[in-house]
Amino acid sequence: MKPPYQEIGVVNTREAFKRAMEGGYAIPAYNFNNLEQLQAIIIGCVESKSAVILQVSKGAREYANQTLLRYMAMGAVKMAREMGSNIPITLHLDHGDSFELCKSCVEFGFSSVMIDGSHLPYEENIKLTKRVVEYAHQCDVSVEGELGVLAGIEEHVVAEKSNYTDPGQVQDFVGRTGVDSLAISIGTSHGAYKFKLKPGETVPPLRFDILKEIEKRLPGFPIVLHGASSVLQKYVAMINEYGGRIEGAAGVPEEQLREAAKSAVCKINIDTDGRMVVTAIVRKVLMENPKEFDPRKYLGPARKELIEVIKHKNADVLGSANRY
Ligand SMILES: [Zn+2]
């Protein structure tokens, strides 16, 4: 079967992950659901010469409309090429929760899907993941599975407590499902409040011991980190200064992500940081210009700032800049 994604101009994750593994860096997966976010991701990644995974959640697909999204992604690829860039661009479903949703995304031109069965009993996770892999691989679409549960809230995904990935299960899971990459839980979490810190406390380090153990059991296999925003304090402060109330939000320190990117971690998901940047700038511009009512006048500056943050992430956190 000819992969439907070829029409969009996107690619699966195979080549980019291989290069990331060899080069000791990770590919950024940025979530989008509107025009300005998508423009910022493409411009930021083209200018920093980084491969990119455009990531769409189930909620984003409902928000933006699945048909419109398909053509937005197609337009994004065309725009990158018109800018003279050859960076690989992947269109990926984030947290697919059913076989039907994954199948629909494959048919709509996604080149990669995640099936998240991590909340299911182990054998059921394997069964569901394997079914998605068998279907997706017929269309040359990559599949990401997940073992271990991240704490926090992300769209339809809610978990109170994290459950670290058991390294003893990874070989069996990957072998029996045939997934192309594996999302693991080593202390990252979804949302803006990754850690509830009391005054004087610092963020607990990621469990690099678990990551090492997994790498040992799955040599050369692509690992994915979800919930890997750093919750940049500059933007938390800006939100609070301009009328918002995001108190005590904290994320994963960028140095730790840089460290993880050097390992078998090939994909790092960043959503919250982008949301924070847009909210901070929109709040600031509107507070400073109470007479403004042209959305371009506040979404434009938000887009501009987001481009800079993406370039910073690619260059200084993921190490994916200047690879293409
Ligand atoms: Zn996630």
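Okay, let's start with burial: of the 324 residues in the protein chain, 58% are buried. Keep in mind that what you're looking at is a predicted model.

So, overall build. The protein chain has 12 helices and 11 strands. Its C-alpha trace spans about 60 × 50 × 35 Å along the principal axes. What about the radius of gyration? For 324 residues you'd expect a compact globule to come in near 20 Å, and the protein chain has 19 Å, which agrees. Then there's the contact pattern: take the contacts with a separation of 6 or more, and 77% of them join residues 24 or more positions apart.

Now the outside. The protein chain exposes about 14300 Å², with carbon and sulfur atoms supplying 52% of that. On charges, we have 39 positive and 41 negative, and their mean positions sit 3 Å apart.

Right, inside. The largest nonpolar core has 97 residues. Which residues have the most contacts within it? Those are Phe32, Leu54, Ile89, Val113, Leu182, Ile223 and Ile268. The element that gives the most to this core is helix H12, residues 295–318, with 8 residues. There's also a second, separate core of 9 residues, and among its members are Ala16, Ala20, Tyr25 and Ile53.

Let me zoom in on Val113 for a moment. If you skip residues up to four places away in sequence, Val113 touches His92 and Leu93, then Cys102, Cys105 and Val106, and on the other side of the sequence Val132 plus the run Val141, Ser142, Val143 and Glu144.

Next, a charged residue: is Glu254 buried or exposed? Glu254 is in helix H10, residues 254–261. Its relative accessibility is 18%, and since the cut-off for buried is under 20%, Glu254 counts as buried. As for its company, leaving out neighbours within four places in sequence, Glu254 contacts Ser230 and Leu232, and also His312, Lys313 and Val317. If you want to find that on screen, remember that helix H12 covers residues 295–318.

Last one, and it goes the other way. Leu68 belongs to helix H4, residues 66–82. With a relative accessible area of 48%, Leu68 is partly exposed. And how far is Leu68 from Ser57 in space? The two are 11 residues apart in sequence, and C-alpha to C-alpha the distance is 14 Å.

That's what I had, so let's open it up for discussion.

Technical notes. Residues numbered from 1 in each chain as written. Predicted model: local features only at pLDDT ≥ 70, side-chain atom pairs only at ≥ 80, totals over all residues. Heavy atoms only, no water. Helix = DSSP H or I, 4+ residues; strand = E, 2+ residues; numbered from the N terminus. Rg over C-alpha atoms; globule rule 2.2 N^0.38 Å. Buried < 20%, exposed > 50% of the residue type's maximum accessible area, 1.4 Å probe, protein only. Contact = heavy atoms within 4.5 Å. Areas by Shrake-Rupley, 256 points an atom, 1.4 Å probe, with all protein chains shown as cover. Lys, Arg positive; Asp, Glu negative; His and termini not counted. Charge placed at Lys NZ, Arg CZ, Asp CG, Glu CD. Core = buried A, V, L, I, M, F, W, Y, C linked by side-chain atoms within 4.5 Å.
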